Amino acid sequence: MKSHFRIACYNLLAGAVALFLTACAPSATSKPDSGSTDASAARSLGGDQQAGEGQRGGPKESDAAASSLKQLQEGKAPVTPASSPLKDVLFDFDRYDLSGDARTILRSNAEWLKSNPSARVEIEGHCDGRGTNEYNLALGAKRAQSAREYLSSLGVAADRLSTISYGQEIPVCTEQTESCWRQNRRARFVVLQGRSAS
């Protein structure tokens with residue numbers, strides 16, 4: 001019963017998020033020469049944005065992460081599979097700077113990306129449910145941009161990395177506890193198929 005309720009909630013939230021992103025968010029991605037980290041980094045996803053496949057050394061379709069929005073629309077929890085080669089990084093409350101743990105994860109992600117030069121990645125910025133929608137969209141954009149800049153500093157070409165902010169709209173955990181909020185304060189990495197990340 002509890003899982004049916006959770007799925008119904010995810011479906012309801014997916015519809016609301018899709019409507020919000022389609023109606024309100026401008027279409028924009030972070031460009032390699034753009035330092036913008038405001039709420040304008042939020043944009044809607046196109047239908048051609050799916051998990052990567054057919055890339056040399058790339059993840060199999062079942063291993064690659066689908067976008068959080070796509071997972072939510074399919075009634076699935078928007079989480080990165082344990083088998084994914086690219087791991088999420090977590091952030092402290094109201095922060096977008098990278099912790100030591102986040103840098104370690106990003107170094108591992110960068111090694112995978114350098115070993116798979118055809119892979120393009122969208123970095124999703126997420127927040128916990130505290131704060132306004134506008135503030136959290138901007139904070140999510142800054143989190144995604146921080147991860148992008150660090151990956152670029154490690155030798156991953158910036159034109160292979162794009163960013164999007166979902167703010168607080170797609171949580172992986174919905175309990176009102178610090179451990180749950182911590183899971184939601186993240187940058188998530190989605191391998192794109194057949195499209196430029198710039």
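A residue is buried when its relative accessible area is under 20%, and exposed when that area is over 50%. The exercises below concern a predicted model.

**Exercise 1. Determine how far strand β2 is enclosed, and state how β2 pairs with β3 and β4.**

Solution.
1. Of the seven residues of β2, six are buried. The strand is therefore largely enclosed by the rest of the structure.
2. On the β4 side, β2 is joined by six bridges, and the two strands run antiparallel. Within this pairing, I123 has F189 of β4 as its bridge partner.
3. With β3, β2 pairs in the parallel sense, again over six bridges. Here E124 stands opposite I164 of β3.
4. The path from β2 to β3 leads through α4, and the resulting β-α-β crossover is right-handed.

**Exercise 2. Compare the span of helix α3 with the expected value, then establish where the buried residues of α3 lie.**

Solution.
1. Helix α3 covers residues 100–115, which amounts to 16 residues. From the first C-alpha to the last it reaches 23 Å, close to the 22 Å expected at 1.5 Å a residue.
2. The buried residues of α3 are A102, L106, N109, A110, W112 and L113.
3. Viewed down the helix axis, these buried residues fall within an arc of 160°, so they line one face of α3.
4. D101 and S115, on the other side of α3, are exposed.
5. The packing partners of the buried residues include the strands β1 (89–90), β2 (120–126), β3 (161–167) and β4 (186–192). Helix α4 (133–153) is also among the elements against which they pack.

**Exercise 3. Identify the disulfide, assign its handedness, and classify C173, C180 and C127 as buried or exposed.**

Solution.
1. A disulfide requires two cysteine sulfur atoms within 2.5 Å. The sulfur atoms of C173 and C180 are 2.1 Å apart, and these residues form a disulfide. The count by this rule is one disulfide.
2. The torsion about the S-S bond of C173 and C180 is about -125°; the disulfide is therefore left-handed.
3. C173 has a relative accessibility of 14% and so counts as buried. Its partner C180 is buried as well, because its relative accessible area is 0%.
4. For C127, the relative accessible area is 2%, so this cysteine is also buried.

Key:
Residues are numbered from 1 along each chain as its sequence is written. This is a predicted model: local features need pLDDT of at least 70, side-chain atom pairs count only at pLDDT 80 or more; totals for chains, interfaces and linings use all residues. Side-chain values use heavy atoms; hydrogens and water are left out. Helices (H or I, at least four residues) and strands (E, at least two) are DSSP runs, numbered from the N terminus. The expected span of a helix is 1.5 Å times one less than its number of residues. Buried means under 20% relative accessible area, exposed over 50%, partly exposed in between (1.4 Å probe, protein chains only). The arc is that of the directions from the helix axis to the C-beta atoms. Contact means heavy atoms within 4.5 Å. Two strands pair if DSSP finds at least two bridges between them. A crossover is right-handed if, with the strands pointing away from the viewer, the path from the first strand over the helix to the second runs clockwise.
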